[in-house]
Amino acid sequence: MKPASFDYHAPATLAEALELLGDDAVESRVLAGGQSLVPMMNFRLAVPEALVDLRRIEELRYLRTGADGALEVGARTTQAELLRDPAVAAGWPLLHAGVTHVGHPQVRSRGTVCGSLAHHDPHGELPALALALGATITVAGPDGRRRIAAEDFFVSFYEVALESGEMVVEARFPAPPAGSGWSFREIARRHGDFALVGVACLVAPAETRLVVFGAAERPLLLADPGEVAAAVRPLDDLHASAEYRRQVAVQLAGEALAEARERAGG
Amino acid sequence: MADPGGEREVRLVVNGVERVAAAEPRLLLSDFLRHRLGLTGTHVGCEHGVCGACTVLLDGEPVRSCLVFAVQAEGAELRTVEGLAGEDGELGPVQRAFHEAHGMQCGFCTPGFLISLTALLEERPGASEEELVDALSGNLCRCTGYANILAAARAARDQAAERA
């Protein structure tokens, strides 16, 4: 239950961090809030040779509304900071509601929004929220920056579309269109646990985005609750059977869509 | 540059006192507090961020000290259970409420509960029932003595609300 030895770097700039991550001779991992990585290191499921801690990089510490009205979340912003921001609660109520289900207060005070996205536990709330809200993830690497749509970012269990030497620097959540409604539902053994199954739903005038998570190797974006039963590929484990998860996913999807439509004004 | 994997000095403020001790990067903050600084009031239960026994306040926020490396706390301000009592050893208000309502059985989880509740009541002295439960949901009691823990937490909240 103690991590193996590693080299520790706490660079002051993003450029230095990218230089460290770009060294192919060393297997480095980014350390942001550490709420997923450190448990994995304590169990020695992760044994990185070096950690690049973001804690001194001030340029990654922001939570702001961009010129196009999108919410821009820098890689150092914690889940607790996001929950405390009244602009997020007012403008992105789905995001706010979903993040209250992420772990416990002691986890959210360290855990970062971008870290949850990069870690991609398919039972986690933030990947599903990013997909439902049509977020884009900005990554930086040796060849500069690129933006990846949430649809293309989450690949499989704990796997995302990051290339070697790249790191997530920002998540951008577009402002939900006027007249849209939302719903967030999950079933977990205890509040704060990872969801057995959950649903995040955004109903906008032009588009319905229904996301089922915890039911496949990545969150699934669907257009209609009728597609859920055939689309999910749930796990069968000691927490719940696959058939139970399938039924819950279908039920939650129907409830969430109805609630989101009601909030949108019918 | 110094050896990035070797021991280095970690300087931080714990319960108002500046402390300096050596830590290699892999040393968890929980072990740093207990073994390097001798502050054994912070308990270590699961060491993977589930039980909450090792909760401390880091720059005012409750965190699991088993999920933070000591080197990450360089320059930080920490409060541990040892910092809750007055200088004369008199129990702090949250500790007193736990004592009076017997909000413990074996006592192993108590430091974590005290710290989590202190964090909540300093931010929200009149916390609602829902907020109380949410703030304590990340702490496990292996004796399952939750009824008295919640009774103590409510008493501490009522006293905090009166003082506010």
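## Chains A and B: the interface and a sheet in chain A

Glu61(B) forms a salt bridge with Arg84(A), with 3.1 Å between the closest N and O atoms. That pair is a good way into this predicted model, in which four salt bridges are found across the interface of chain B and chain A. Beyond the interface, there is also an open sheet of four strands in chain A to look at.

**The interface**
- Chain B puts 31 residues in contact with 33 residues of chain A.
- About 2600 Å² is buried between the two chains, and 52% of that lies on carbon and sulfur atoms.
- On the chain B side, Arg26(B), Leu67(B) and Gln72(B) lose the most area to chain A, together 23% of what that side buries.
- Between the chains, 15 residue pairs are in polar contact, both residues being at pLDDT 80 or more.

**What chain B brings to it**
- Strand S3 (55-58), strand S4 (61-64) and helix H4 (129-136) of chain B each give two or more residues to the side touching chain A.
- S4(B) supplies the largest share of that side, four residues.
- By class, the side has 14 nonpolar, eight polar and nine charged residues.

**The sheet in chain A**
- The strands run in the order S11-S12-S13-S14 (chain A), with antiparallel pairing.
- Strand S11 (181-187) and strand S14 (220-222) of chain A are the edges, each pairing on one side only.
- Neighbouring strands are turned by 15° against each other on average, direction ignored.
- Strands S12 (197-204) and S13 (207-213) of chain A pair over seven bridges, and Cys201(A) has Leu210(A) in S13(A) as its bridge partner.

**Helices across the sheet**
- Helix H8 (125-132) of chain A lies across S11, S12, S13 and S14 of chain A, at about 165° to S13(A).
- Helix H11 (242-263) of chain A lies across S11, S12 and S13 of chain A, at about 155° to S11(A).

Methods: Residues are numbered from 1 along each chain as its sequence is written. Chains are lettered from A and ligands numbered from 1 in the order in which they are written. This is a predicted model: local features need pLDDT of at least 70, side-chain atom pairs count only at pLDDT 80 or more; totals for chains, interfaces and linings use all residues. Side-chain values use heavy atoms; hydrogens and water are left out. Contact means heavy atoms within 4.5 Å. Buried area is the accessible area (1.4 Å probe) that two parts lose on being put together, summed over both. A salt bridge is a side-chain nitrogen of Lys or Arg within 4 Å of a carboxyl oxygen of Asp or Glu. A polar contact is a pair of N or O atoms within 3.5 Å; within protein, one must be able to donate a hydrogen and the other to accept it, and residues adjacent in sequence count only if both atoms are side-chain atoms. Ala, Val, Leu, Ile, Met, Phe, Trp, Tyr, Cys and Pro count as nonpolar, Asp, Glu, Lys and Arg as charged, and the others, Gly among them, as polar. Two strands pair if DSSP finds at least two bridges between them. Axes are lines fitted to C-alpha atoms, for helices over the stretch in contact, and angles run from 0 to 180 degrees between N-to-C directions.
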